[in-house]
Amino acid sequence: KTKKEIVANWLPRYTDTPVDEFGKYIILTNFISYVHEFARMEQAEIRGQHRPMQTATSSDGITLINFGIGSPSAATICDLLSVVQPHAVLFLGKCGGLKEFVHVGDFILPIAAIRAEGTSDSYFPAEVPALPSFQLQKAVSHTIVANSQKYHTGTIYTTNRRIWEHDDEFKEYLRRTRCIGIDMETATMFIVSFANHIPHGALLLVSDMPMTPEGVKTDQSDVAVTEKFTALHLKIGVESVRELKNSGESVRYLLF
């Protein structure tokens, strides 16, 4: 009858992982390759391989979840995690770069996201901004620098429209938004995590430059990006979450 009862039943059904076996520090991703890499790094078991979502949990209580693609899936996992009440959730996603100074393989640490996906409208009015938890993003920033990497900050445009690279009118609109990147999950994840009182952040990897024809993602280019950058992206994410976990520092930036 209650939301808690529903999600307590559904989370194991989606993941094949009991609620009490989820860590309090969660990493979200869209890609099964990240799950395999995390399981190799942490010598962890992969669960839910025949379910909609796959998980792997380290010995010290960090759980990585592949929740799928798109804003409805992002909202679903954030709602389901409300029964776990994580201390921190970090989204490791990919995005398209929208600025000329951004390149494939760069990291973007979002400071906000535009809610153009529609899903988040079911949670808060349109004027409520989609923002990350500052303390979590601060930890990620520190870890990026500690790994001798650079990063960009800016606003992400989150859309529910996957095929738009041919639409010149839409691309001109994107230029006017002044956004640095585009994806399908970040704004939803920020809003629904906020609605569920879950501290949240994101670190995005630029996987393509879709504003030009030669920059549009292809199967070949996606494989190349995965092979070259997945390990580092995941390493930074795990180290960031582990730093928060080991420091005992609260990542709640306000009282919900």
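Val-206 touches Cys-95, Gly-97, Val-102, His-103, Val-104, Gly-105, Asp-106 and Ile-108, leaving aside residues up to four places away in sequence; contact means heavy atoms within 4.5 Å. The residue lies in strand β9. Strands (E, at least two residues) and helices (H or I, at least four) are DSSP runs, numbered from the N terminus. At 0% relative accessibility, Val-206 counts as buried, where buried means under 20% relative accessible area, exposed over 50% and partly exposed in between (1.4 Å probe, protein chains only). Val-206 and Asp-106 are 100 residues apart in sequence and 5.4 Å apart in space, C-alpha to C-alpha.

The model is predicted, with local features needing pLDDT of at least 70 and side-chain atom pairs counting only at pLDDT 80 or more, while totals for chains, interfaces and linings use all residues. Residues are numbered from 1 along each chain as its sequence is written, and side-chain values use heavy atoms, with hydrogens and water left out.

Strand β9 (200–208) is also one of the elements against which the buried residues of α4 pack, together with β5 (88–97), β6 (107–116), β7 (151–159) and α7 (219–247). Those buried residues are Gln-135, Leu-136, Gln-137, Ala-139, Val-140, Ser-141, Thr-143 and Ile-144. Helix α4 covers residues 134–146, 13 in number, and reaches 18 Å from its first C-alpha to its last, close to the 18 Å expected at 1.5 Å a residue; the expected span is 1.5 Å times one less than the number of residues. Ser-148, with a positive phi near 60°, follows α4.

Helix α7 also packs with α2 (residues 32–42), at an angle of about 60° and with the axes 10 Å apart. Axes are lines fitted to C-alpha atoms, for helices over the stretch in contact, and angles run from 0 to 180 degrees between N-to-C directions. The pair is therefore oblique, since angles under 35 degrees count as roughly parallel, over 145 as roughly antiparallel, 65 to 115 as roughly perpendicular and the rest as oblique. On the α2 side the contact is made by Ser-33, Tyr-34, Glu-37, Phe-38, Met-41 and Glu-42, and on the α7 side by Thr-226, Thr-230, Ala-231, His-233, Leu-234, Lys-235, Val-238 and Arg-242.

Two loop residues have a positive phi although neither is a glycine.

| Residue | Phi | Loop | Relative accessibility |
|---|---|---|---|
| Gln-85 | about 50° | between α3 (71–80) and β5 | 30%, partly exposed |
| His-197 | about 60° | between α6 (186–195) and β9 | 35%, partly exposed |
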